[in-house]
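Me: Please take a close look at one part of this structure and describe it from the inside out. I would like to know what it touches and how it sits in the rest of the chain.

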Amino acid sequence: EKEKNLKIFEKMLQEKGINRFSQWDKDLPKIAIDPRFKILGSFNERKIAFEIFVKNYDFIIKAQKQAEREAKQKILTNIFEEALNFHKYELLNENANILIFDKFYPNDERLKNIDNKIKEQVWQLVIEPVRKKHFEELKQKQKIFFEMLNEKSDIATTSANWQNIRYEFRKDSRYSIIKTPEEREKAFKLFVKNKIESYNERKREEALRKEREIEVQRKREQESAELRRKRETLEKSQAKIALQSLYSEKIKDCTKSWREAKEILINDPRFQTKALTVPRIKELYYEHIDNLQANKFKDFKSGLIEYYDKGRLNLISTIEDAEECLANDKRWFAISNTTQRQEAFDDFMNEALNKAKLEFLELLRISGIQPIKSINGPEYEKIKSMLRGDQRWKQFDCLPQVRDKLLLSYAGIKNSKDY
């Protein structure tokens, strides 16, 4: 009796908002007016009970909440076990969840003030093990049922109808492994669905396999083509080098025609290469001839430069002067054609004159020469006296009129943007 009264007193304290921070003297007026305040015999007992409640407030509240939770779990357990007896079929549906109890017990007072978290906990403890066992057993039964269906391979299509073919299996003992007609039809539809999905998956895998094979083949062909290209490029390069070497060995005369050259080269394996086309072989030959001719012109020009630098030739020298200087020099005979030799000599003389003009203008610039307007006067004589010892001045001794013209035009050249 005393324990019961103490719990009533503590319940009253809790309802009045007494907590770990409450004080007896301060909160006494708030609790003294409640009839349950006097359920404990003496004033001292009430004070002691108050202080114990305050001191153990957290523990007491926790214990009360735990007790309330356990009470709710017990109520839910009874309800769930009851539901397993009256609504087992619905509970074992694969889509069933905790919300189904709102359908079974829409106005049941026992479910009020019970949150979904507690419902979910009890569902896992009471309902889920039953469902798990049921689905495991169903899976085994379906496996046996599927084995029976699988023996008739022509039923796995979207047009297959269980009602039309079920009679074919009724004498098979495996037919009754699934008890109800509804579950058998459901299992049949699942079997058909699995078969179709399996077939489609195999088709997808086969398509992917073929795609991979095509891609691998494409890469192999690309690699093979690239390898062939590199090999052909190397063969062409080697053949080109060998053919150029052959031309250098056999063809020294730049006047030889292609027909004459072929008669000389025809028996050499380097000329018979399959790595190069005939037009390319011919093209390389004419490149060789062009190089020969360029080298001959280069040799001829080097002789002219040598004798020009020695002063044996100057800016007004003729082809006869050049022949006299180079009569015993093999470079003179590098160009055998008289017309070509004259053209090469004229080109050299033009280059020499242009070079001399540039050198003369540079001499004026670096010497700080100021432009003059006449070659008659002290300014000209002063310039002449200053520069006449320089080779760039002296090389125009044979063309003094050109030098004077350059000197007079120096003012305009110096002020131009290109100077």
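Reply: Helices here are DSSP runs of H or I with at least four residues, strands are runs of E with at least two, and both are numbered from the N terminus. The part chosen is helix H13, and Gln 342 is placed in it. The model is predicted, so local features need pLDDT of at least 70 and side-chain atom pairs count only at pLDDT 80 or more, while totals for chains, interfaces and linings use all residues. Residues are numbered from 1 along each chain as its sequence is written, and side-chain values use heavy atoms, with hydrogens and water left out.

Start with Gln 342. Gln 342 is partly exposed, because its relative accessible area is 30% (buried is under 20%, exposed over 50% and partly exposed in between, with a 1.4 Å probe and protein chains only). Its C-alpha lies 6.9 Å from that of Ile 319, although 23 residues separate the two in sequence.

Ile 319 belongs to helix H12, residues 319-326. Ile 319 counts as buried because its relative accessible area is 14%. Beyond its neighbours within four places in sequence, Ile 319 is in contact (heavy atoms within 4.5 Å) with Trp 332, Arg 341, Gln 342 and Phe 345. For Arg 341, the C-alpha to C-alpha distance to Ile 319 is 8.7 Å, over a sequence separation of 22 residues.

Next, the interior. A nonpolar core is a set of buried Ala, Val, Leu, Ile, Met, Phe, Trp, Tyr and Cys residues joined through side-chain atoms within 4.5 Å. The largest one has 33 residues, and Leu 304 and Leu 364 have the most contacts inside it. Two or more residues of this core come from each of H11, H12, H13, helix H14 (378-387) and helix H16 (400-408). H13 gives the most to this core, with 10 residues. Setting aside neighbours within four places, the contacts of Leu 304 are Leu 313, Ala 322, Leu 326, Phe 345 and Phe 348. Phe 345 is thus on the contact list of Leu 304 and on that of Ile 319.

H13 also lines a pocket. The pocket search used a 1 Å grid over the protein atoms alone; a cavity is a set of points where a 1.4 Å probe fits but cannot get out, a pocket is an open set with protein on both sides within 12 Å along at least five of seven lines, and lining residues have an atom within 4 Å of a point. The second largest pocket is lined by 18 residues, and Tyr 308, Asp 309, Ala 352, Lys 355 and Gln 395 lie nearest its centre. At least two lining residues come from each of helix H11 (278-309), helix H13 (338-366) and helix H15 (391-394). H13 gives the most to this lining, with 6 residues.

Two places in other parts of the chain can be set beside this one. Ile 251 is in the loop between helix H9 (181-250) and helix H10 (258-265). Ile 251 counts as buried because its relative accessible area is 0%. Its contacts beyond four places in sequence include Leu 246, Tyr 285, His 288 and Leu 292. Leu 292 is 41 residues from Ile 251 in sequence and 9.1 Å from it in space, C-alpha to C-alpha. Ala 160 sits in the loop between helix H7 (116-150) and helix H8 (162-165). Ala 160 counts as partly exposed because its relative accessibility is 25%. Its C-alpha is 8.0 Å from that of Val 192, which is 32 residues away along the chain.

As for the setting, the chain has 17 helices and 0 strands. Of its 419 residues, 30% count as buried. Among contacts between residues at least 6 apart in sequence, 64% join residues at least 24 apart.
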